[in-house]
Amino acid sequence: MPYILVLYASRHGSTEALAMNFAEGIETVQGMSALVRTVAPIGAEYNPKISDIPDTGALYCTVEDFANACGLALGSPGRFGNMATELKFFLEQTTTQWISGSLIGKPATVFTSTTTVHGGQESTLLSMMNPLFHHGMMVMSVPYSEPRLHAQTGGGSPYGVSHVSGPNHTPIDNETALLARNQGKRLAQLALRLNHD
């Protein structure tokens, strides 16, 4: 079955929670499945002993998972207004797919969670879009027809679904969860239409 890759980095669980809601939304679309993957941690020094399989959570993404997806939901916590290093490192391994054009014309969307309201959410979302544009992907916004976009006071953006976790890592609320599920559904619907053309 064709799938949407839900690829994320998460340190405290908020971005992972958004990813799971994206996957739920994707799975509501008949004929499309969600493949949830994360990225391997990166330390100050290279550690070749990192296991190929994490102790908990989603499996680590492979370049093949990335290349064969019909669409992509890409998520990261904000790191000084940028995507997390681990995610950027993974994307930098996809040069072969960039050269071959395997992702050209496929839809994508981005999401983030930050600790503070002014934690650079929109610049983090934009930083994730840059490599997707280079891959020739079609980046989807969150449309203003989405009523939950207007209801958010601590997150939500036309650039992508977002959440403010605060210093205590507050879980995502129901409105944000629904926003992520709806965006996942829209992404899957578009990917399915494009996959049939």
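This briefing walks through the strands, cores, aromatic pairs and salt bridges of the structure above. The model is a predicted one. A good place to start is strand β2 (residues 33-38): 6 of its 6 residues are buried, so the strand is largely enclosed by the rest of the structure. From there we can move out to the cores, and then to the side-chain pairs that link separate parts of the chain.

**Strand β2 and its partners**

- Residues S33, L35 and R37 point one way from β2, while A34, V36 and T38 point the other way, and all are buried.
- Strand β1 (residues 3-8) runs parallel to β2, and 6 bridges join the two.
- Within that pairing, Y3 has S33 of β2 as its bridge partner.
- Together with helix α1 (residues 14-27), β1 and β2 make a β-α-β unit that is right-handed.
- Strand β3 (residues 59-60) also pairs with β2 in the parallel sense, over 2 bridges.
- Here R37 is matched with L59, its bridge partner in β3.

**Nonpolar cores**

- The largest nonpolar core has 28 residues, and I4, V6, F22, I26, M32, F111 and V161 are those with the most contacts inside it.
- Two or more residues of this core come from each of β1, α1, β2 and α7 (174-196).
- Helix α7 gives the most, with 7 residues.
- Leaving aside neighbours within four places in sequence, I4 is in contact with residues including I26, M32, A34, L35, L72, L187 and A191.
- A second, separate core holds 24 residues, among them L5, L7, F66 and L87.

**Aromatic pairs**

- Searching the whole structure turns up 2 aromatic pairs.
- In one of them, the ring centres of F22 and F111 are 4.6 Å apart and the planes meet at 25°, so this pair is stacked.
- That pair links distant parts of the chain, with F22 in helix α1 and F111 in strand β5 (residues 107-114), 89 residues apart.
- F22 and F111 are both buried.
- F66 and F90 form an edge-to-face pair, at 5.9 Å centre to centre and 80° between the planes.
- Because F66 lies in helix α2 (residues 63-67) and F90 in helix α3 (residues 85-91), their pair ties together parts that are 24 residues apart in sequence.
- F66 and F90 are both buried as well.

**Salt bridges**

- The structure holds 4 salt bridges, and three pairs are described here.
- R37 meets D65 side chain to side chain in a salt bridge of 3.5 Å, N to O.
- With R37 in strand β2 and D65 in helix α2, this pair ties together parts that are 28 residues apart in sequence.
- R37 counts as buried at 16% relative accessibility, and D65 is buried with a relative accessible area of 14%.
- K88 and E92 form a salt bridge through their side chains, at 2.3 Å from N to O.
- K88 counts as partly exposed at 42% relative accessibility, and E92 is partly exposed with a relative accessible area of 45%.
- R186 forms a salt bridge with E146, where the closest N and O atoms are 3.3 Å apart.
- R186 lies in helix α7 and E146 in the loop between β6 (138-139) and α6 (147-151), so this pair ties together parts that are 40 residues apart in sequence.
- R186 is partly exposed with a relative accessible area of 21%, whereas E146 is buried at 3%.

Methods
Residues numbered from 1 in each chain as written. Predicted model: local features only at pLDDT ≥ 70, side-chain atom pairs only at ≥ 80, totals over all residues. Heavy atoms only, no water. Buried < 20%, exposed > 50% of the residue type's maximum accessible area, 1.4 Å probe, protein only. Helix = DSSP H or I, 4+ residues; strand = E, 2+ residues; numbered from the N terminus. Pairing = 2+ DSSP bridges. Right-handed = clockwise from strand over helix to strand, strands pointing away. Phe/Tyr/Trp six-rings, centres within 6.5 Å; stacked < 30°, edge-to-face > 60°. Core = buried A, V, L, I, M, F, W, Y, C linked by side-chain atoms within 4.5 Å. Contact = heavy atoms within 4.5 Å.
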